Amino acid sequence: MTTSPDVAVSEMGIGAGGAAMPGSGATGLFACRSAASAAGAMSMRQTYLDLAAASAAARSASCTWVEAMRASSPTRSRAGAAASDVDELTAWMRKHPSALGKFEQIAAASKGKKIVMFLDYDGTLSPIVGNPDAAYMSDAMRAAVRDVAKHFPTAIVSGRCRDKVYNFVGLSELYYAGSHGMDIKGPSSNPESVLCQPASEFLPVIDEVYKLLVEKTKSTPGASVENNKFCLSVHFRCVDEKKWNFLAEQVKAVIKDYPMLKLTQGRKVFELRPSIMWDKGKALEFLLESLGFANCSDVLPVYIGDDRTDEDAFKVLRKRGQGVGILVTKSAKETSASYSLQDPGEVMEFLLRLVEWSRIRSSSPSPPMLRPRV
């Protein structure tokens, strides 16, 4: 099957790399060359102008692609940021203050409500590392998540394959939503565990494209393709930035023939997913409904994530007018989250404070005394 090249990357707002040649039929460029009339000369001139414009558009598309990759994957350290960037971050923090600094505000919003926790994995519970297969969470973080799950229903929502993220976390009492929410399973101790796989029919296509991408990208040092069952990830964290555009073109060359898949971008990763109306936001809504909180006013979903794909969940919370979205980042980014945390270390501190607050609240009828942030 074939489709126009721009279909695959329309979600990213990036055009295809190879524009079609104007006038490629019988009356096209070669016909212009044989024409002897003035009209033929004018036609030839216009054809070359069209070709030049198409070439410029293709170069612009490539630049746009690379700019998008750089924007979502900053390589500059915060210590080397310019004064203007510091000012921008300060202004951004006023709109998205630290969830630790505003913990009392978040606790107050949960009064009389049931908290439900949603946690991304990479960059949230574990640090971002060069090798995706080595993104291990610390024992301390695992203990913190285990304690959270004792007090609140807790789900891990990740772009990873569900089985892989389960192996990383290793806690059977949690809900797991893998493949950006397209593979959902409840606690293993529950015989009627929730199971949702809205993209099952795409499995053969996913496997086919995975093999093509592995073969296509093997010439790009540092690139790796990860099969997350219902979606694919092309990691470029270890790819020389000078090769980013080349890798992008390789990915485009494969996906252009698969209009049933869409291409999005995260932190130094391309994501290929089925073109269905399902994402982390839909997974959040599904889990709330499965837990009996679909239309309840006495629930407070708390979602913590660091990636562009987590924005779908933040937008759902905004639309509901109910819930707390927390973005994990050290730089200013456009987001629908209300609060921020800098790194997995701060995420763990937030989780521990939440557990302590819940313990005090459950053991005393009076409002809990919150320990100040050190």
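At what angle do helix α9 and helix α10 pack? In this predicted model, helix α9 (residues 280-290) and helix α10 (residues 311-320) meet at about 55 degrees. Their axes lie 6 Å apart. An angle of that value is neither under 35 degrees nor within 65 to 115, so α9 is oblique to α10. From α9, the contact is made by Lys280, Gly281, Leu284, Glu285 and Leu288. From α10, Asp312, Ala313, Val316, Leu317 and Arg320 take part. By class, the residues of this contact divide into five nonpolar, one polar and four charged.

Two open sheets were examined. One has eight strands, in the order β5-β4-β3-β2-β1-β10-β11-β12. Its pairing is mixed. The edge strands are β5 (195-196) and β12 (339-341), and each pairs on one side only. Helix α11 (residues 344-363) packs on this sheet. The helix touches β1 (114-119), β10, β11 and β12. Its direction makes about 160 degrees with that of β1. Within the sheet, strands β10 (residues 299-305) and β11 (residues 324-328) run parallel and are joined by four bridges. Tyrosine 303 stands opposite glycine 325 of β11.

The other sheet has four strands, ordered β6-β7-β9-β8, with antiparallel pairing. β6 and β8 (261-266) each have a single partner strand, so one side of each lacks a neighbour in the sheet. On average, neighbouring strands are turned by 20 degrees against each other, direction ignored. Six bridges link β8 and β9 in the antiparallel sense. Glycine 266 has valine 269, in β9, as its bridge partner. Helix α8 (residues 244-255) lies across β7, β8 and β9. This helix runs at about 10 degrees to β9.

Strands of the four-stranded sheet also contribute to a pocket. The second largest pocket has a volume of about 400 Å³. Its lining comprises 29 residues. Closest to the pocket centre are Asp122, Ile128, His235, Val269 and Glu271. The elements giving two or more residues to the lining are β6 (224-227), β7 (232-235) and β9 (269-274). Val269 thus has two roles in this description: bridge partner of glycine 266 and one of the residues closest to the pocket centre. The lining residues divide into seven nonpolar, 11 polar and 11 charged.

Note on methods: Residues are numbered from 1 along each chain as its sequence is written. This is a predicted model: local features need pLDDT of at least 70, side-chain atom pairs count only at pLDDT 80 or more; totals for chains, interfaces and linings use all residues. Side-chain values use heavy atoms; hydrogens and water are left out. On a 1 Å grid over the protein atoms alone, a cavity is a set of points where a 1.4 Å probe fits but cannot get out, and a pocket is an open set with protein on both sides within 12 Å along at least five of seven lines; lining residues have an atom within 4 Å of a point. Grid points are joined across faces, edges and corners, and a volume is the space filled by probe spheres set on the points. Ala, Val, Leu, Ile, Met, Phe, Trp, Tyr, Cys and Pro count as nonpolar, Asp, Glu, Lys and Arg as charged, and the others, Gly among them, as polar. Two strands pair if DSSP finds at least two bridges between them. Contact means heavy atoms within 4.5 Å. Axes are lines fitted to C-alpha atoms, for helices over the stretch in contact, and angles run from 0 to 180 degrees between N-to-C directions. Angles under 35 degrees count as roughly parallel, over 145 as roughly antiparallel, 65 to 115 as roughly perpendicular and the rest as oblique.
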